[in-house]
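The following exercises are to be worked with the sequence and the structure at hand. Each task is followed by a solution in steps.

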Amino acid sequence: MLAADFISFADRMDRCWMEGRLPELAEFLAEDVVFVAPAGTPRSEGLAPAIESYRQFMSHAQVNRFQTGDRIVTVRGDTAVIEYRWQMDWTAAGADHAENGREVLVLARRGEGWRVVWRTQIPQ
């Protein structure tokens with residue numbers, strides 16, 4: 001895959017959760033995916049907890065804007081890292097929120113495709 005293919009992969013994955021198509025995340029995430037949240041929040045392991053984390057957020061938040069940029073792709077053999085900047089505005093419990101940070105996705109070749117095996121966000 002070319003760098004543009006990995007960027008498209010990340011964009012399609014982000015559209016899944018933003019559009020509420022959470023079961024489709026299984027096409028992007030490995031069964032043994034690890035999510036590490038910022039600020040010392042406990043990490044989660046496995047596909048079901050990963051998808052649940054998106055469901056929990058989307059169940060109480062309305063995303064008003066989500067924008068990405070500054071994408072960097074590094075590929076080494078059967079491993080790829082996609083890094084990108086994101087900005088998001090959302091409303092939850094009647095309050096407006098705005099955050100930005102960097103997403104880091106580590107992908108591994110699984111069979112004939114690629115799957116996210118590690119995800120973390122770095123607040124900025």
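**Exercise 1: Pairing of β3, β4 and β5**

In this predicted model, β3 and β4 pair in the antiparallel sense, over 13 bridges. Task: establish which residues face each other in these strands and what lies in the turns.

Solution.
1. Begin with the pair β3 and β4: Arg-76 lies opposite Thr-79 of β4, and the bridge partner of Ile-72 in β4 is Glu-83.
2. Proceed to the turn. The two strands β3 and β4 make a hairpin with two residues between them, and Gly-77 in that turn has a positive phi of about 65°.
3. Turn to the next pair: β4 and β5 run antiparallel and are joined by 14 bridges. Within this pair, Gln-87 stands opposite Asn-100 of β5.
4. β4 and β5 also form a hairpin with two residues between them, where Ala-93 in the turn has a positive phi of about 50°.

**Exercise 2: The sheet and its helices**

Task: state the order of the strands in the sheet, and determine which strands stand at its edges.

Solution.
1. The open sheet consists of six strands in the order β2-β1-β6-β5-β4-β3, with mixed pairing.
2. β2 (44-45) and β3 each have a single partner strand; they therefore stand at the edges, and one side of each is left without a neighbour in the sheet.
3. Next, place the helices. α1 packs on the sheet and touches β1, β3, β4, β5 and β6, its direction making about 155° with that of β3.
4. α2 likewise packs on the sheet, in contact with β1, β2, β3, β4 and β6. The direction of α2 makes about 60° with that of β1.

**Exercise 3: Helix α1**

Task: compare the expected span of α1 with the distance between its end C-alpha atoms, and locate its buried residues.

Solution.
1. Helix α1 comprises 16 residues (residues 3-18); at 1.5 Å a residue, α1 should span 22 Å. The end C-alpha atoms are 23 Å apart, which agrees.
2. The buried residues of α1 are Phe-6, Phe-9, Ala-10, Met-13, Asp-14, Cys-16 and Trp-17.
3. These residues cover an arc of only 155° around the axis, and therefore lie on the same side of α1.
4. Their packing partners are β1 (29-36), α2 (47-60), β3 (61-76), β4 (79-92), β5 (95-110) and β6 (113-123).
5. Just after α1, Gly-20 adopts a positive phi of about 75°.

**Exercise 4: β4 and the nonpolar core**

Task: determine which side chains of β4 are buried, and which element gives the largest share of the largest nonpolar core.

Solution.
1. The side chains alternate along β4. Ala-80, Ile-82, Tyr-84, Trp-86, Met-88, Trp-90 and Ala-92 point to one face and are buried.
2. Thr-79, Val-81, Glu-83, Arg-85, Gln-87, Asp-89 and Thr-91 point to the other face and are not buried.
3. The largest nonpolar core has 29 residues; among those with the most contacts inside it are Met-13, Leu-25 and Ile-82.
4. The largest share of this core, seven residues, comes from β4.
5. Leu-25 touches Met-13, Cys-16, Trp-17, Ile-51 and Tyr-54, residues up to four places away in sequence not being counted.

**Exercise 5: Val-33**

Task: decide whether Val-33 is buried or exposed.

Solution.
1. Val-33 belongs to strand β1.
2. Buried means under 20% relative accessible area. Val-33 counts as buried because its relative accessibility is 0%.
3. Although Val-33 and Gly-46 are 13 residues apart in sequence, their C-alpha atoms are 5.0 Å apart in space.

How values were computed. Residues are numbered from 1 along each chain as its sequence is written. This is a predicted model: local features need pLDDT of at least 70, side-chain atom pairs count only at pLDDT 80 or more; totals for chains, interfaces and linings use all residues. Side-chain values use heavy atoms; hydrogens and water are left out. Helices (H or I, at least four residues) and strands (E, at least two) are DSSP runs, numbered from the N terminus. The expected span of a helix is 1.5 Å times one less than its number of residues. Buried means under 20% relative accessible area, exposed over 50%, partly exposed in between (1.4 Å probe, protein chains only). The arc is that of the directions from the helix axis to the C-beta atoms. Contact means heavy atoms within 4.5 Å. Two strands pair if DSSP finds at least two bridges between them. Axes are lines fitted to C-alpha atoms, for helices over the stretch in contact, and angles run from 0 to 180 degrees between N-to-C directions. A nonpolar core is a set of buried Ala, Val, Leu, Ile, Met, Phe, Trp, Tyr and Cys residues joined through side-chain atoms within 4.5 Å.
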